[in-house]
2 protein chains.
Amino acid sequence: MKCRKCGTTAVINMRQHRLSLCQECFLEWVPHQVQRTIEKFHMFVPDDRVLGAVSGGKDSLALWDILLSLGYSADGIYIHLGISDGDYCDVSQQKVECFAAARDVRFQVVNVAQEYGQSIPQVARRKRGRSTCGTCGLVKRHIMNQVACDGRYAVLATGHNVDDEAAVLFQNALHWATGYLARQAPVLPASHPRLARKAKPLIRLYEREMAAYALLRGIDYIYDECPYSKGATTLFYKDLLNQLEEKSPGAKQQFYLSFLQARREGRLLPMKSGQVDMSVCQRCGQPTTAPELCAFCRLWD
Amino acid sequence: MKCRKCGTTAVINMRQHRLSLCQECFLEWVPHQVQRTIEKFHMFVPDDRVLGAVSGGKDSLALWDILLSLGYSADGIYIHLGISDGDYCDVSQQKVECFAAARDVRFQVVNVAQEYGQSIPQVARRKRGRSTCGTCGLVKRHIMNQVACDGRYAVLATGHNVDDEAAVLFQNALHWATGYLARQAPVLPASHPRLARKAKPLIRLYEREMAAYALLRGIDYIYDECPYSKGATTLFYKDLLNQLEEKSPGAKQQFYLSFLQARREGRLLPMKSGQVDMSVCQRCGQPTTAPELCAFCRLWD
């Protein structure tokens, strides 16, 4: 198998793109894809200060690596969730620390238990109506938004790849959750002074490509999935989409990108269906759909 | 396992409805579901003359049986496609003949090869741009429409169950084919004098329920799938949906019915997105989107 660009031996064959590349060309190709995505969706510009949400996993560390290599000014935010099974959070924090130290870049840690008195597993056990993953998502979104706003970053960048986005889209399509369908986007504008702009520069790249990128760049990341993700519905949807991709390479990306296109062209979801009335949380000041306290602040009562 | 209605031994457990029924209650329950569907979607009324599209398979023969037992005046139309592998069409025609003779009901046969000079496999081989299944669908839709219009039937009823509809919806959602999404419906009005009203009274029932109904009613149907359906994409989509249903009973029906609801409420597609400009075929007089001859008439040139 030869590299399509230079003819030397290829290290990866991407059936979905009908493209085989050698290590050197692949490590050029990935950042080029990311740069194209950033430009196409007007995510941010070179002068913008970017805050990368890093978990210690392959996608977020690779994203940070790519943003730095493309010349963007990118700091990191790591949230320690207090998940102690297999030292999950301690190990992933170490991965982020090593990454940042080797590149001499800035990153900030928010330790949920230290900051708010309880870890994610503790607060999830107390709040029986919410799943652990639901609680975790809520807490992470809140803290990332707060750090991005407080630090006056132009944008918060997350490492969602096309597998992640397609799985969420699949879930929302299976339930025809039109409100969620209307709001799922590569870039979300800062529609409120206390709401950070959000961008997902990896949405055109497959999970497998990100794993290969991290490996070939020598990025040391945490291999384990979060211990709470076992049996998660999202993983089941990813499995179904993988079967689809296996049968028809490119189907996953096509599913996601044709959704964005249909919506952009006004063929799907009538205008304004994604709009939600917002008020402001009386405790933290972040926008919320609740009348007094936002869901995050109510967690700790 | 006890029947939820009468307490005797159940013969079927429908996890998706959390309902176990004995033979007698199940054979009452199925027609009741069909009657509710006919009324809810205003498909037809007791005085209407119904034309049932029958293939010799379990769904269409069970539908015919149910319509008759509900007191509707229902004739049948069988289309002989000229598929000779395993005597597929001859055997299925016999099943329809036996069914009709036993109940003394009227049915009409259209033999494609006799009527138009070539069987479906023959014309499909000649038309390389079209798949066999695509050609077959086109021919069947044309003939059924013609027979329904010529016979002045109020409605053409087909045996699509929720598995069929969910698979088509799944395919259209995976490609965000918004034109198709706009037109997939439980009932299609006769929007033109040469376009029959169409209805799908089985859309709330699972394939498994229809198989059980046919079995328990002693309906002799053709078990084999069409030999050309092997490896069909629709079967692959049905398999993915079955995995979903296995994990979450009811998911398939929920997927389909919540789609209808979202669209009805105007949350999914912009108004009028299903409308297509129609002209009339200069040979057969049926509506078409083509400028002169419809796709059916062009098949035979």
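In this predicted model, A:Arg18 is exposed, with 10 other C-beta atoms within 10 Å. A residue counts as exposed when 12 or fewer such atoms lie within that distance. A:Arg18 sits in the loop of chain A that links β1 (12-14) to β2 (19-21). Its backbone has a positive phi of about 50°, although the residue is not a glycine. A similar description can be given for a residue of chain B. B:His42 also has a positive phi of about 50° without being a glycine, and its place is the loop between α1 (23-40) and β3 (49-53) of chain B. With 11 other C-beta atoms within 10 Å, B:His42 is exposed.

A:Tyr206 offers a loop residue of another kind. This tyrosine belongs to the loop between β8 (198-199) and α9 (207-216) of chain A. Is A:Tyr206 buried or exposed? A:Tyr206 counts as buried, because 20 C-beta neighbours lie inside 10 Å and the cut-off for a buried residue is 20 or more. Beyond its neighbours within four places in sequence, A:Tyr206 is in contact with A:Gln16, A:Asn161, A:Val162 and A:Asp163. The C-alpha atom of A:Tyr206 is also 8.9 Å from that of A:Lys252, a residue 46 places away along the chain.

Stepping back to the whole of chain A, twelve helices and ten strands are found. Its C-alpha atoms fill a box of roughly 60 × 50 × 40 Å along the principal axes. For 301 residues, a compact globule would have a radius of gyration near 19 Å, and the 19 Å of chain A agrees with this. Of these 301 residues, 38% count as buried. Among the contacts of chain A between residues at least 6 apart in sequence, 66% join residues at least 24 apart.

In chain B, six strands form an open sheet with mixed pairing, and their order is β5-β4-β3-β6-β8-β7. The edges of this sheet are β5 and β7 (187-188), each of which pairs on one side only. At one edge, β7(B) is joined by two bridges to β8 (residues 198-199) of chain B, and these two strands run antiparallel. Here B:Val187 stands opposite B:Ala199 in β8(B).

Towards the other edge, β4 (residues 73-80) and β5 (residues 107-111) of chain B run parallel and are joined by five bridges. The chain passes from β4(B) to β5(B) by way of helix α3 (residues 88-103) of chain B, making a right-handed β-α-β crossover. Within this pair of strands, B:Ile77 has B:Gln108 in β5(B) as its bridge partner.

The interior can be described through the largest nonpolar core, which has 157 residues. Which residues have the most contacts inside this core? They are A:Val50, A:Ala157, B:Val50 and B:Ala157. Leaving out residues up to four places away in sequence, B:Val50 touches a list of residues that includes B:Phe44, B:Leu67, B:Tyr72, B:Tyr153, B:Val155 and B:Ala157.

Finally, the two chains can be compared. Chain A is superposed on chain B by a rotation of 180° with 0.0 Å of shift along the axis, at an RMSD of 0.1 Å. This is the relation of a two-fold axis. Of the interface residues of chain A, 100% are also interface residues in chain B, so the copies meet through the same surface.

Conventions
Residues numbered from 1 in each chain as written. Chains lettered and ligands numbered in written order. Predicted model: local features only at pLDDT ≥ 70, side-chain atom pairs only at ≥ 80, totals over all residues. Core = buried A, V, L, I, M, F, W, Y, C linked by C-beta atoms within 7 Å. Contact = placed C-beta atoms within 7 Å. Least-squares fit on C-alpha atoms with pLDDT ≥ 70 in both. Helix = DSSP H or I, 4+ residues; strand = E, 2+ residues; numbered from the N terminus. Pairing = 2+ DSSP bridges. Right-handed = clockwise from strand over helix to strand, strands pointing away. Rg over C-alpha atoms; globule rule 2.2 N^0.38 Å.
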